[in-house]
Structure formats: structure tokens, C-alpha cells
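Welcome! Have the viewer ready, take your time, and try each task before you read its solution.

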Amino acid sequence: MKFSVITNKWANFYFFVQNLSEWHFSNRKDYNILWRGELGQFSLEEKIALSKFKKIQLRYPFGKSYLGRQFFLEENPWIVLDKKLLPEDFTNLKDIFSLLEKKFDAFYNKELVLLKKWQITLQKELSNKNLITAINMTLGKLYDVFPLSKDITIYLLPSSESHSGGTGGVIDDISINLEISRSPLKKVNHAVGIIWHEIIHLYFERQSFLARVSKKYPDDPDAVNLIKEVVASSLFPNGALGIKFLNIKSGLLNTKIPQKYTEKILILTNKYVETDRPFDDEYMETIYSLVSELKGNLK
């Protein structure tokens, strides 16, 4: 497997607009506070445009119809969107982006310098074939699947200095979005850990692990979601494999997992890592018994 690290203006423009619209619970409100403070007041017309965008976006949410996909995958997203969207939505969307272009350009001119530095740094770090193979093989053993053989594309996006993050599987099954621009370059190992965390969600847990968890906790999607997130977090970025392969000092496994659980989760996961054992029913049950009170809090 190989990694391609991409800086894409259309992807960043879409991320900028959709985040400001706050159409989804996962939007980063702290980014919006930061951006609005730097860019100054938004005019009434710009505020109305963001409200219109939110309504359009909600008609094309995550999944096959996801509005954002073309902004990441196409050199000119409007060609495809013209065929994909309702005529009124397409016209309104073009008008919205046109209206917000000046503010975005002022924002992106500064972000691009930071994104390019991260692109160079990450591409270098992700070219270590021995490290990639070691992590890939270890995850394959833990999740009891073949190692990942596909190449992965990483789209770099804005962040704040204190907040970075990633998402996988939103664009397609080989892409990860990494919010990283303003994070210090010295945190490169943590950024690599975020990437591997998302690869777990993108590939490793989807092969059989989630099906086994769902079978054990039928009709309880919150329990399934809790277990998959805690397990991925127990590995990367601050978990057992982040410590082992990336020299990361253990910290909070996840901002929504209290510190009091960290030691017990790491001890349990390390037992499986050190003995090359795949995660089994006993592991799932123990994880759930440790953190069941967090059910519904992790998304």
C-alpha cells in the first residue's frame, strides 16, 4: 500500500463553506469562531448564503448522494454537479460559492502555505515502507483480516492549533480527510496516528469485526459504535500501536473517553498486541464492561 497526500483548493473551499453552515453535528464550531475572528464580520447576504447552503446540503447528506464528493474528486466539480443536483440547487450552490469566494481566498492564501508544509512532511513520513508494513500486518492480525492492499489518498484540510482530526469513508473507501493545517509540524507522529486510526475505520473493522460486534449486541447501535471507537482509539493515535510504532506518549485515548479508563484499556489491548491474538469475544465483552457508561457519547 502507498499514500498520496493531496492539497486541493476545491476540497478546502467546500470544507470551509460546509463547516461555516453548521449543517451537521460533527462540524467544528471552534474552527468557525477562529475563522470569523480572523475574517471579520459576515454580511447579511453572506449569512443568508450559508443558511441556503445548509438547506441544500441536508438534501444531499452522507452516502451515495453526498454533496461534497465532487469537490474532492473532480478537477471541475461543477460539471458533475450540474448533472447530479436539482437545477435550482445547482444554480443556488454556484451563487453561494461565488458570493463567498472573496472571503475564502483571503482565508486560503494563508492556509495554503501551512498545508503545503504538511503535505511535504507527511508524504516523507508515509514513505517508510518498513513501518507501513509492520503496522499493516499488526492490524491485520488484531482484526483477523488480510492486510490492506489498496493505496490511500489523504486530503489535507484546515485546523486550529489545538484541534486536529480526521474522517474516513466520507468521500470513498480509499480516502481520508485530515484537518491539520495549523497543528505544529512537530506533531507529525500524532498526525500519522490519526491517519491509521481512520484506516482502521475505513478498512480493518469493516471486514468482520463490526459484524461480530453487531451480532453480540443486536439492536444496540450505540453499543456497537462505542466498542468500535474505543478499540480504534486504544490503538491509534495515542493507544498501544501509537506508542509502539510512532513513539507517541500515551495521553487521552479520545477526548470523550475519561482518563480513568486509559490504563485498563491499554493493558487489555497490549495483551493482544504482544501475543498476536485477534480481538475475540472476550476482548469485546471486557471493553464494553469497562466503558459501557459512555454509550451514546462517542460518535
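Below are four exercises, each with a worked solution.

This is a predicted model, in which local features need pLDDT of at least 70 and side-chain atom pairs count only at pLDDT 80 or more, while totals for chains, interfaces and linings use all residues. Residues are numbered from 1 along each chain as its sequence is written, and side-chain values use heavy atoms, leaving out hydrogens and water.

**Exercise 1. The sheet**

Work out the order in which the 4 strands form the sheet, and find the strands at its edges.

Step 1: Helices (H or I, at least four residues) and strands (E, at least two) are DSSP runs, numbered from the N terminus. Two strands pair if DSSP finds at least two bridges between them.

Step 2: The order is 1-2-4-3, in an open sheet with mixed pairing.

Step 3: Strand 1 (3-6) and strand 3 (165-168) each have a single partner strand, so one side of each is left without a neighbour in the sheet.

Step 4: Look at strand 2 (residues 152-157) and strand 4 (residues 175-179), which pair in the parallel sense over 5 bridges. Here Tyr155 has Asn177 of strand 4 as its bridge partner.

**Exercise 2. A helix on the sheet**

Find the strands that helix 6 (residues 87-125) touches.

Step 1: Contact means heavy atoms within 4.5 Å.

Step 2: By this rule, helix 6 packs on the sheet and touches strand 1, strand 2 and strand 4.

Step 3: Compare directions, using axes fitted to C-alpha atoms (for helices over the stretch in contact) and angles from 0 to 180 degrees between N-to-C directions. The direction of helix 6 makes about 170° with that of strand 1.

**Exercise 3. The core**

Which residues have the most contacts inside the largest nonpolar core?

Step 1: Such a core is a set of buried (under 20% relative accessible area, 1.4 Å probe, protein chains only) Ala, Val, Leu, Ile, Met, Phe, Trp, Tyr and Cys residues joined through side-chain atoms within 4.5 Å.

Step 2: The largest one has 98 residues, and Leu122, Leu139, Tyr143 and Leu235 have the most contacts inside it.

Step 3: Helix 8 (residues 188-216) gives the largest share of this core, 13 residues.

Step 4: Among the residues that Leu122 touches are Val5, Leu156 and Leu178.

**Exercise 4. An unusual peptide bond**

Is the peptide bond from Phe236 to Pro237 cis or trans?

Step 1: Most peptide bonds are trans.

Step 2: This bond is cis, with omega near -5°.

Step 3: Pro237 lies in the loop between helix 9 (221-233) and helix 10 (240-246).

Terms used
Buried means under 20% relative accessible area, exposed over 50%, partly exposed in between (1.4 Å probe, protein chains only). Lists of a residue's contacts leave out its neighbours within four places in sequence.
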